[in-house]
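User: I am new to this structure and would like a close look at a single part of it, with enough of the whole to know where I am. Please take your time and connect the details to one another.

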Amino acid sequence: AGKAGYLRLDFRHDETRGRTVLNDMDRRVPLLAQKALYWEESQPDMACVIVIAATGCVVQGDRLALDVSAGPGARALVTTQSASKVHSMEHNYAAQLQRFRLGEDAYLEYMPDPLILHRGARYLQDTHITLPASASFVFGDILVPGRRWHHAEELFGFDVYSAGLSVSRGEDQEPLFEERLVLDTGDTEF
């Protein structure tokens, strides 16, 4: 059956505190987030938030959504507590929709830990980024095609991985950049 998880993070620059704060958060299990920390000594005004997956893995039928916004002048780093493990699937797939919206002069880093695709995994991810010319967005995405020492057929044993990326200047504007990466290792029907 899977789970429908949702996490919305809204970062705003707080003039009185002189730093970015996690202004608002909405969540639905299995996605959670801890409070904003300020660990980057070179950027003491940058809010750092760790996204937590309470179940520890992604299974068939999971539908996850991450919605992050950084208002004008906000500076934030979003990461995960550990690698995301996508388990084997027989009759379905798992999907995650990610949306990042930045305001004028905002700076946002999204650096999740690796995504590990187990043997028989089917995973779809779409990422939409909206930012003005004055904003900066740093995005990292690491894919691990199996657990090398786990099973003889584990390495590149996933069924399908599909990742789309779209970048635009505004919600209703034409994309500046779009791509889709599809890795299909066999005859997958779902």
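Analyst: What follows sets out the whole protein briefly, then looks closely at strand S11 and its surroundings, and ends with some places elsewhere in the chain.

The model is a predicted one, and the protein in it has 15 strands and zero helices. Its C-alpha trace spans about 55 × 35 × 30 Å along the principal axes. The radius of gyration is 17 Å, which agrees with the value near 16 Å that a compact globule of 190 residues would have. Of these 190 residues, 44% count as buried, and the protein exposes about 10,000 Å², of which carbon and sulfur atoms supply 50%. Among contacts between residues at least 6 apart in sequence, 75% join residues at least 24 apart. As for charge, there are 19 positive and 28 negative side chains, and the centres of the two sets lie 6 Å apart.

The close look starts with strand S11, which covers residues 122-130, and with Arg122, which lies in that strand. Arg122 counts as buried because its relative accessible area is 8%, under the 20% that marks the limit for a buried residue. The side chain of Arg122 makes a polar contact with the side chain of Asp159 at 3.1 Å, and it also reaches the backbone oxygen of Glu90 at 3.3 Å. In space, the C-alpha atoms of Arg122 and Tyr161 are 6.0 Å apart, although the two residues are 39 apart in sequence.

Tyr161 appears again when one turns to Gln125, which is also found in strand S11. Gln125 and Tyr161 are 36 residues apart in sequence, and their C-alpha atoms are 8.1 Å apart. With a relative accessible area of 5%, Gln125 is buried. Leaving out residues up to four places away in sequence, Gln125 touches Gln96, Gln98, Asp141, Tyr161, Ser162, Ala163, Gly164 and Arg180. With one of these, Asp141, the link is a polar contact between side chains at 3.1 Å.

Several of the residues just named, among them Tyr161 and Ser162, are touched by Gln125, and the numbering of strand S14, residues 160-168, leads on to two serines there. Ser166 is found in S14 and counts as buried, because its relative accessibility is 11%. Apart from residues up to four places away in sequence, Ser166 touches Thr127, His128 and Ile129, and also Pro175, Phe177 and Glu178. Ser168, found in strand S14 as well, is buried with a relative accessible area of 8%. Leaving aside neighbours within four places in sequence, Ser168 is in contact with Ile129, Thr130 and Leu131, together with Gln173, Glu174, Pro175 and Leu176. Ile129 is thus named among the contacts of Ser166 and among those of Ser168, and Pro175 is likewise in contact with Ser166 and with Ser168. A polar atom of the Ser168 side chain also lies 3.1 Å from the backbone oxygen of Gly170.

Some places elsewhere help to set this part in its context. Ala4 has its place in strand S1, residues 4-14, and is partly exposed because its relative accessibility is 45%. Ala4 touches Arg28, Val29 and Arg63, residues up to four places away in sequence not being counted, and its C-alpha atom is 7.6 Å from that of Arg28, which is 24 residues away in sequence. Val29 also begins a peptide bond to Pro30 that is cis, with omega near 20°, and Pro30 is found in the loop between strand S2 (19-28) and strand S3 (31-33).

Two further loop residues have a positive phi without being glycine. Asp105 has a phi of about 60° and is found in the loop between strand S8 (94-102) and strand S9 (107-111); with a relative accessible area of 54%, Asp105 is exposed. Phe156, whose phi is near 60°, lies in the loop between strand S13 (143-144) and S14, and at 53% relative accessibility Phe156 counts as exposed.

Notes. Residues are numbered from 1 along each chain as its sequence is written. This is a predicted model: local features need pLDDT of at least 70, side-chain atom pairs count only at pLDDT 80 or more; totals for chains, interfaces and linings use all residues. Side-chain values use heavy atoms; hydrogens and water are left out. Helices (H or I, at least four residues) and strands (E, at least two) are DSSP runs, numbered from the N terminus. The radius of gyration is taken over C-alpha atoms; the globule rule is 2.2 Å times the number of residues to the power 0.38. Buried means under 20% relative accessible area, exposed over 50%, partly exposed in between (1.4 Å probe, protein chains only). Contact means heavy atoms within 4.5 Å. Accessible areas come from the Shrake-Rupley method with a 1.4 Å probe; for residues, only the protein chains shown count as cover. Lys and Arg count as positive and Asp and Glu as negative; His and the chain ends are not counted. The place of a charge is taken as NZ of Lys, CZ of Arg, CG of Asp or CD of Glu. A polar contact is a pair of N or O atoms within 3.5 Å; within protein, one must be able to donate a hydrogen and the other to accept it, and residues adjacent in sequence count only if both atoms are side-chain atoms.
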